[in-house]
Amino acid sequence: MEGMNEGIVSIMNSVGMIIGYSLAGFGIGIGILGSKIAEAVGRNPEVKNEIVSSLMMLMIILAIFVLLMFAFCFMLLFFNPFVV
């Protein structure tokens with residue numbers, strides 16, 4: 001019985017680390033992307049609409065990946081095939 005509790009604790013620990021590291025990476029990536037967008041618009045202001053539209057498309061794709069990561073983490077928590 002004690003081995004099963006250690007397995008659940010290690011799975012919960014790894015899921016927390018997955019969520020924390022992925023959101024930290026997502027935040028750092030968005031910050032870098034925002035600085036590069038500001039640099040591009042400052043360098044060439046007449047293409048602002050094209051840059052912003054491509055940025056929105058990229059942000060939608062990144063948000064979909066983050067939601068898929070959350071779905072994977074919750075599947076690991078609640079429907080875990082590794083815990084007997």
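**Exercise 1. Which residues of H2 are buried?**

Solution. This model is predicted.
- Step 1. Recall the cut-off: buried means under 20% relative accessible area.
- Step 2. Apply that cut-off along H2. Ile51, Leu55, Val66, Met69, Cys73 and Leu76 are buried.
- Step 3. Set this against the chain. Of its 84 residues, 12% are buried.

**Exercise 2. Describe the secondary structure and the span of H2.**

Solution.
- Step 1. Count the elements. The chain has two helices and zero strands.
- Step 2. Locate them. Helix H1 covers 2–43, and helix H2 covers 48–78.
- Step 3. Take the length of H2. This helix has 31 residues.
- Step 4. Compare spans. From first C-alpha to last, H2 reaches 45 Å, close to the 45 Å expected at 1.5 Å a residue.

**Exercise 3. Find the largest nonpolar core and say which helices build it.**

Solution.
- Step 1. List the members. The core has six residues: Ile11, Val15, Val66, Met69, Cys73 and Leu76.
- Step 2. Assign them to elements. H1 and H2 each give two or more residues to this core.
- Step 3. Weigh the shares. H2 supplies the largest one, with four residues.

**Exercise 4. Place Leu33 and trace its contacts.**

Solution.
- Step 1. Place the residue. Leu33 belongs to helix H1.
- Step 2. Classify its exposure. The relative accessible area of Leu33 is 21%, so this residue is partly exposed. The cut-off for buried is under 20%.
- Step 3. Set aside neighbours within four places in sequence. Leu33 then contacts Leu55, Leu58 and Met59.
- Step 4. Compare sequence and space for one pair. Leu33 and Leu55 are 22 residues apart in sequence, yet their C-alpha atoms are 8.6 Å apart.
- Step 5. Widen the view to the chain. Take its contacts with a separation of 6 or more: 78% of them join residues 24 or more positions apart.

**Exercise 5. Work out how Lys36, Glu39 and Arg43 are linked.**

Solution.
- Step 1. Start with the principle. Side chains of opposite charge can pair when their charged atoms come close.
- Step 2. Count the pairs. The structure holds two salt bridges.
- Step 3. Take one pair. Lys36 and Glu39 form a salt bridge at 3.9 Å, N to O. They are three residues apart in helix H1, so about one helical turn separates them.
- Step 4. Take the other pair. Arg43 and Glu39 form a salt bridge at 2.9 Å, N to O. Both lie in H1, four residues apart, again about one turn.
- Step 5. Explain the spacing. An α-helix has 3.6 residues a turn, so residues three or four places apart point the same way.
- Step 6. Join the pairs. Lys36, Glu39 and Arg43 form a network of salt bridges.
- Step 7. Check exposure. Glu39 is partly exposed at 37% relative accessible area. Arg43 has 64% relative accessibility, so this residue counts as exposed.

**Exercise 6. Describe the nonpolar surface patch and the place of Phe79.**

Solution.
- Step 1. Begin with the whole surface. The chain exposes about 6400 Å², and carbon and sulfur atoms supply 76% of it.
- Step 2. List the patch. Ile8, Met12, Phe74, Met75, Leu77, Phe78 and Phe79 make a nonpolar patch of about 750 Å².
- Step 3. Assign the elements. H1 and H2 each give two or more residues to the patch. H2 has the largest share, four residues.
- Step 4. Place Phe79. This residue sits in the segment after H2.
- Step 5. Classify Phe79. Its relative accessibility is 64%, so Phe79 counts as exposed. The cut-off for exposed is over 50%.

Note on methods. Residues numbered from 1 in each chain as written. Predicted model: local features only at pLDDT ≥ 70, side-chain atom pairs only at ≥ 80, totals over all residues. Heavy atoms only, no water. Core = buried A, V, L, I, M, F, W, Y, C linked by side-chain atoms within 4.5 Å. Buried < 20%, exposed > 50% of the residue type's maximum accessible area, 1.4 Å probe, protein only. Contact = heavy atoms within 4.5 Å. Patch = residues over 30% accessible without salt bridge, like charges linked within 9 Å, V, L, I, M, F, W, Y side chains within 5 Å. Areas by Shrake-Rupley, 256 points an atom, 1.4 Å probe, with all protein chains shown as cover. Salt bridge = Lys/Arg side-chain N within 4 Å of Asp/Glu carboxyl O. Expected span 1.5 Å × (residues − 1).
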